Amino acid sequence: MAEYGYTELDVQYSPRFWVPRMHEKVVVENHIEVTNAESDRVRASVPYRTLRYGDGPREAMFEFGGDSLPNEAPIYVYIHGGYWQHLNKEMSCYPVQPLFDAGIRVMIVGYDLAPEANMTQIVEEVKRAGKVIMSRAEDLGSSGVWFSGFSAGGHLTGVLLTSGWMDSLPLKQIQLIRGFLPISGIFDLKPIVHTYINGPLQMNEEEAERHSPISMMASQNYNIKIIVIFGQHDSPAFQAQSRDFIKWCYHFQKLRSYKLDASVYEVPTMDHFNLVENLCQSDYVLTKRLVQTIRQEKE
């Protein structure tokens, strides 16, 4: 859209231009208002504690559930979006209530943001957060851990799956990982290098390649489930990112003779924002799919 000074690639990676239900100028403001309100309500009503995993100002996470849930409750990990430079864990608690009501412990992960942190730092932070979560899961005796995240958080979820991070864990903790559920993620960072989004990140081609899940090659055969999720009204670029990543999963499965349980899920009528905003609703189709998957109920 030339009137904004954006290139076609900029527009493809600007989710606000692809929302049919409201004008692009108010989409992000509305998203912040909706998610903040629900997140504030959740923190006022659902027991939680703050866990730190590093010294950075945002290297912390919320653990929702407390003693209200049994120690063996499954854990859902949610890594927030914001293009690695916006949003935070405080306004990303909106998926908690229906999951908590279904007996699922929820971890909301924060991380330092660009320009104060670069992509390498952000990736390393989330890996550290993952290790703390897995130690916590083992200490609790959790029945299993599911990693998820939205948009940039979907990318970071993909990193945990494909970077060999799991190989660094003790076997007992590896066996607790049940699956990965990235939501409207970015799995190939190279296009981002050539958009306005890269301004605060300052990624070069080498760094983008190194931190792209679609360019990585996990080394072990783990018994995990992968559901790559996106909305019907996500931009063509975001949809292609998800479809290409699931193709990567299938190729990897064939290459290594693995038995990955991998699938793609396009959520009807949803755009990039209400795809996750609606996770506060127990009767929302994606909420029900997540609960069913995490509780390992038959579909």
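This report walks through the fold, the cores and a few individual residues of a predicted model.

## Overall build

Let's start with the whole chain. The protein chain has 11 helices and eight strands. Its radius of gyration is 18 Å, close to the 19 Å that the globule rule gives for 299 residues, so the chain is as compact as a globular protein of that length. If you want a box for it, the C-alpha trace spans about 55 × 45 × 40 Å along its principal axes.

The contact pattern leans towards long sequence separations: take the contacts between residues at least 6 apart in sequence, and 75% of them join residues at least 24 apart. Of the 299 residues, 59% are buried.

## Surface and charge

On the outside, the protein chain exposes about 12,200 Å². Carbon and sulfur atoms supply 50% of that area.

As for charges, the count is 28 positive and 36 negative. Average the positions of each set, and the two mean points sit 7 Å apart.

## The largest nonpolar core

In soluble globular proteins, nonpolar side chains tend to be buried together. Here, the largest nonpolar core has 59 residues. Which of them have the most contacts inside it? They are V77, W84, Y111, F147 and I177.

Both strands and helices feed this core. The strands that give two or more residues are β3 (75-79), β4 (105-109), β5 (145-150), β6 (177-183) and β7 (225-231). The helices that do so are α4 (119-140), α5 (152-162) and α9 (236-256). With nine residues, α4 gives the most. Apart from this core lies another, of 34 residues, with V267, M270, L275 and L290 among them.

## W84 and its surroundings

W84 deserves a stop of its own. You'll find W84 in the loop between β3 and α3 (96-101), and it is one of the residues with the most contacts inside the largest core. Despite the loop setting, W84 is buried, with a relative accessible area of 0%. Its backbone is worth a look too: phi is near 60°, a positive value in a residue other than glycine.

What does W84 contact, leaving aside its neighbours within four places in sequence? The set is Y111, L113, A114, M119, I122, A152, H155, L156, I186, L189, I192 and L201. One of these contacts, A114, also takes part in a cis peptide bond, the one from A114 to P115, with omega near 10°. P115 itself is in the loop between β4 and α4.

## Helix α5

Three of the W84 contacts, A152, H155 and L156, are also on the list of buried residues in α5. How many residues of α5 are buried? The count is 11 of 11. Besides those three, the buried set holds G153, G154, T157, G158, V159, L160, L161 and T162. Just after the helix, G164 takes a positive phi of about 90°.

## The loop between β8 and α10

Further along, the loop between β8 (261-267) and α10 (274-277) holds T269. P268 lies in that loop as well. Is T269 buried or exposed? At 52% relative accessibility, T269 counts as exposed, while P268 is partly exposed, with a relative accessible area of 47%.

T269 also has a positive phi, near 70°, in a residue other than glycine. For a distance to try in your viewer, pick the C-alpha atoms of P268 and M91: they are separated by 25 Å, and the two residues are 177 apart along the chain.

## Helices α10 and α11

E277 lies in helix α10. It carries a charged side chain in the negative count used here, yet E277 counts as buried, at 6% relative accessibility. Leaving aside its neighbours within four places in sequence, E277 is in contact with R21, N30, H31, V34, T35 and Y94.

Helix α11 (residues 285-294) is mostly covered, with seven of its 10 residues buried. Those are L286, T287, R289, L290, V291, T293 and I294. L290 is the residue already named in the 34-residue core. After α11 comes Q296, whose phi is positive, near 55°.

Note on methods. Residues numbered from 1 in each chain as written. Predicted model: local features only at pLDDT ≥ 70, side-chain atom pairs only at ≥ 80, totals over all residues. Heavy atoms only, no water. Helix = DSSP H or I, 4+ residues; strand = E, 2+ residues; numbered from the N terminus. Rg over C-alpha atoms; globule rule 2.2 N^0.38 Å. Buried < 20%, exposed > 50% of the residue type's maximum accessible area, 1.4 Å probe, protein only. Contact = heavy atoms within 4.5 Å. Areas by Shrake-Rupley, 256 points an atom, 1.4 Å probe, with all protein chains shown as cover. Charge placed at Lys NZ, Arg CZ, Asp CG, Glu CD. Core = buried A, V, L, I, M, F, W, Y, C linked by side-chain atoms within 4.5 Å.
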